[in-house]
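Here are some short exercises to work through with the sequence and the model open side by side. Try each task yourself before you read its solution.

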Amino acid sequence: MMNYKSGLKKGSPINKAGSFLLKMSVAWLLMLTLFLQPGYAQGLAAQSNEGPYRKGMVVCATPNASQVGIDILKKGGNAVDAAVAVQFALEVTHPEAGNIGGGGFMVYRSASGETNTLDFREKAPAMASENMYLDSAGNVIPDMSLYTHQASGVPGSVDGMVEAHRKFGKLKWTDLVQPAIDLAHNGFKISKRLASALNEERNGFIKLNPGKTYLLKEGGWHEGDLLVQEDLAKTLALIRDKGRDGFYSGVVADQLVEEMKNGKGIITKSDLENYHSVWRKAITGNYKDYKIITMPPPSSGGVALLQLLQSVENYPLHQWGHNQDSTVQLMVEAERRVYADRSKYLGDPDFYKVPVDSLLNPAYNKMRMSSFNWNAATPSASIQPGAFVGYESDQTTHYSIVDSEGNAVSITTTLNDSFGSKIFVGGAGFLLNNEMDDFSSKPGVPNMFGLVGGKANSIQPGKRMLSSMTPTIIEKDGKLFMVVGTPGGATIITSVFQTILNVIDFGQAMQQAVDAKRFHHQWLPDEVAVEKGAMENAEKSRLQQKGYKIIDRGSIGRVDAILITPQGFYEGGADPRGDDTKLGY
Ligand code: DON
């Protein structure tokens with residue numbers, strides 16, 4: 001990726017003589033004036049290799065699903081049409097996280113600026129109860145909320161897609177589901193990454209799915225092998241032909257409930273019938289000259305993202321530089337405080353009064369940051385969730401789509417862990433989520449992402465488990481500016497936060513902002529997790545001397561994003577940490 005400075009050097013023929021060259025120079029000058037705004041300059045370089053595109057773009061986790069999405073856009077579908085097709089194509093080509101057995105969130109912004117969000121998060125079954133994962137001594141039973149039939153919430157993705165299409169779709173529903181059926185029926189060539197993920201999961205699949213052979217291959221999978229999923233193709237055909245009823249009643253519902261019975265699961269027919277996704281008003285906030293449009297609860301992501309942005313807004317990040325010690329220190333201290341709030345106050349708003357306004361009050365976040373000391377790390381033990389006067393009381397996937405009119409969709413969808421509970425619905429060929437682990441099984445006991453919670457996120461029948469998913473859309477001067485989101489459990493919020501700052505504060509192009517190495521802090525455990533190469537050793541040791549515990553970890557997040565340049569070009573950022581692919585036209 002070319003940086004801003006080298007982009008300038010390459011494109012500066014201003015000093016050449018001759019009238020033709022003079023005209024060229026004037027043209028270049030004009031272009032440079034347009035591009036010389038923080039965050040846009042590198043777009044020039046990026047686009048010369050890949051575009052420019054201004055009619056449509058899809059960035060998602062697999063090349064096949066990106067192709068499905070862009071084909072729908074080229075056929076005249078809008079961003080929501082493409083999203084529906086991508087969701088189903090990801091179910092087939094990205095079984096780790098793409099799903100019909102899970103849930104997710106959509107943030108939508110129309111070309112004219114209308115915003116909306118769709119909550120198709122899973123719900124706790126009616127038979128779920130607060131202490132369902134505790135033994136008689138009151139201890140959490142290991143793995144019960146993760147790799148059992150009881151780990152699944154009632155899936156929301158199919159209803160979500162039906163509902164999104166009903167409200168905003170343009171093309172025929174059947175045409176949007178068909179590409180996924182073709183991929184499942186005809187098969188597709190798997191990537192090296194998927195081959196090794198499937199091989200790694202082999203023993204788990206066998207153990208948890210006696211008698212089933214889904215996603216298994218004698219001798220193991222290799223890059224380029226054809227993966228055919230016949231049962232899944234049949235299930236998708238029912239969804240194509242019957243819409244919601246193809247999943248929440250009839251054959252597939254019978255198969256799901258039968259699967260539950262076989263494995264002591266608790267999802268019933270009526271849980272399925274009663275599942276409905278919910279349109280919720282987007283939460284919005286400003287960061288500098290930008291308007292952030294993001295997901296409200298039951299995601300913690302939107303609230304936390306806005307809190308984080310407020311907490312760092314008045315500091316000269318740009319001057320300090322990307323991933324320099326002061327920058328990292330400030331962001332970590334903000335993260336520590338915001339994740340502490342998350343543990344207490346965030347949960348399903350249909351069940352718990354989430355103090356969104358209090359959490360998003362700039363004075364509150366300023367006050368929270370006032371206890372921060374440049375000379376030493378604030379121990380997490382000394383940080384508690386804030387108090388409000390008058391107030392009582394790894395695997396997911398993201399896709400970003402923009403169509404020719406400028407309608408934008410930002411969707412994060414998940415089974416929770418990679419391959420969810422790893423349990424397939426017999427006969428139907430799809431994986432079930434293990435989203436129940438996102439509830440707080442017991443106050444203060446961390447879930448699989450190390451996140452703690454309490455009453456706000458306790459299990460109750462019909463309640464949605466708290467999420468960190470942060471699908472987000474950003475506007476500048478009333479125009480679409482960025483579509484962004486990522487998987488990554490607890491690290492979702494901090495990955496989106498960093499990607500936004502990378503563009504707005506550090507002037508990076510979209511792809512560069514996505515490529516950039518990340519770090520993460522979540523209050524508890526009190527440590528800064530960093531990707532290899534995220535920081536120089538000198539920066540690290542300066543922080544260590546101040547008491548920050550720094551630990552190395554593998555990939556953080558898998559961001560797929562789109563930036564719209566002032567000229568209206570679509571500039572994609574597909575995360576190299578996965579098989580993520582950006583396609584434009
Ligand atoms: O909703 C949540 O916050 C989690 N279930 C997301 C899980 C996830 O991102 C795993 N991906 N790597």
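The exercises below go from sheets to domains, a cavity and some backbone details.

Before you start, note that this is a predicted model, in which local features need pLDDT of at least 70, side-chain atom pairs count only at pLDDT 80 or more, and totals for chains, interfaces and linings use all residues. Residues are numbered from 1 along each chain as its sequence is written, and side-chain values use heavy atoms, with hydrogens and water left out.

**Exercise 1. The seven-stranded sheet**

Task: find the order of the seven strands in the open sheet, and the helices that pack on it.

Solution:
- Start with the terms: helices (H or I, at least four residues) and strands (E, at least two) are DSSP runs, numbered from the N terminus. Two strands pair if DSSP finds at least two bridges between them.
- Now trace the order, which is β6-β3-β2-β10-β9-β1-β18, with antiparallel pairing. At the edges are β6 (278–280) and β18 (581–584), each of which pairs on one side only.
- Neighbouring strands here are turned by 15° against each other on average, direction ignored. For such angles, axes are lines fitted to C-alpha atoms, for helices over the stretch in contact, and angles run from 0 to 180 degrees between N-to-C directions.
- Zoom in on one pair: β1 (residues 57–60) and β9 (residues 395–402) are joined in the antiparallel sense by three bridges. Within β9, V402 is the bridge partner of M57.
- Finally, add the helices, taking contact as heavy atoms within 4.5 Å. Helix α4 (residues 63–74) lies across β1, β9 and β18 and runs at about 160° to β1. Helix α6 (residues 157–168) touches β2 (103–109), β3 (115–120), β6, β9 and β10 (408–416), and its direction makes about 155° with that of β3.

**Exercise 2. The six-stranded sheet**

Task: do the same for the open sheet of six strands.

Solution:
- The order reads β7-β8-β11-β12-β16-β17, and the pairing is antiparallel. Its edge strands, β7 (283–287) and β17 (570–574), each pair on one side only.
- From one strand to the next, the twist averages 20°.
- Two bridges link β12 (residues 479–484) to β16 (residues 560–564) in the antiparallel sense. Look for M482, which stands opposite L563 in β16.
- Helix α13 (residues 301–312) packs on this sheet, touching β7, β8 (290–294) and β11 (472–476), at about 15° to the direction of β7. Helix α18 (residues 491–504) lies across β7, β8, β11, β12 and β16, running at about 135° to β12.

**Exercise 3. Two domains and a cavity**

Task: locate the two domains, then say which of them contribute to the lining of the largest cavity.

Solution:
- Domain bounds come from an automatic or database domain assignment. Here they give domain 1 (76–107 + 118–275 + 416–457) and domain 2 (280–395 + 490–566).
- The C-alpha centres of the two domains are 29 Å apart, and 21 residues of domain 1 are in contact with 23 residues of domain 2.
- The largest cavity is lined by 16 residues, with N416, D438, F449, S468 and G489 nearest its centre. Domain 1 and domain 2 each supply at least three residues of that lining.
- A cavity is a set of points, on a 1 Å grid over the protein atoms alone, where a 1.4 Å probe fits but cannot get out; lining residues have an atom within 4 Å of a point.

**Exercise 4. Backbone details**

Task: find where the cis peptide bond from P297 to P298 lies, and which residue has a positive phi although it is not a glycine.

Solution:
- The bond from P297 to P298 is cis, with omega near 20°, and P298 sits in the loop between β8 and α13.
- N323 has the positive phi, about 55°; N323 is in the loop between α14 (317–320) and α15 (325–345).

Note on methods. 1 Å grid on protein atoms, 1.4 Å probe; cavity = no way out; pocket = protein on both sides within 12 Å on 5 of 7 lines; lining within 4 Å.
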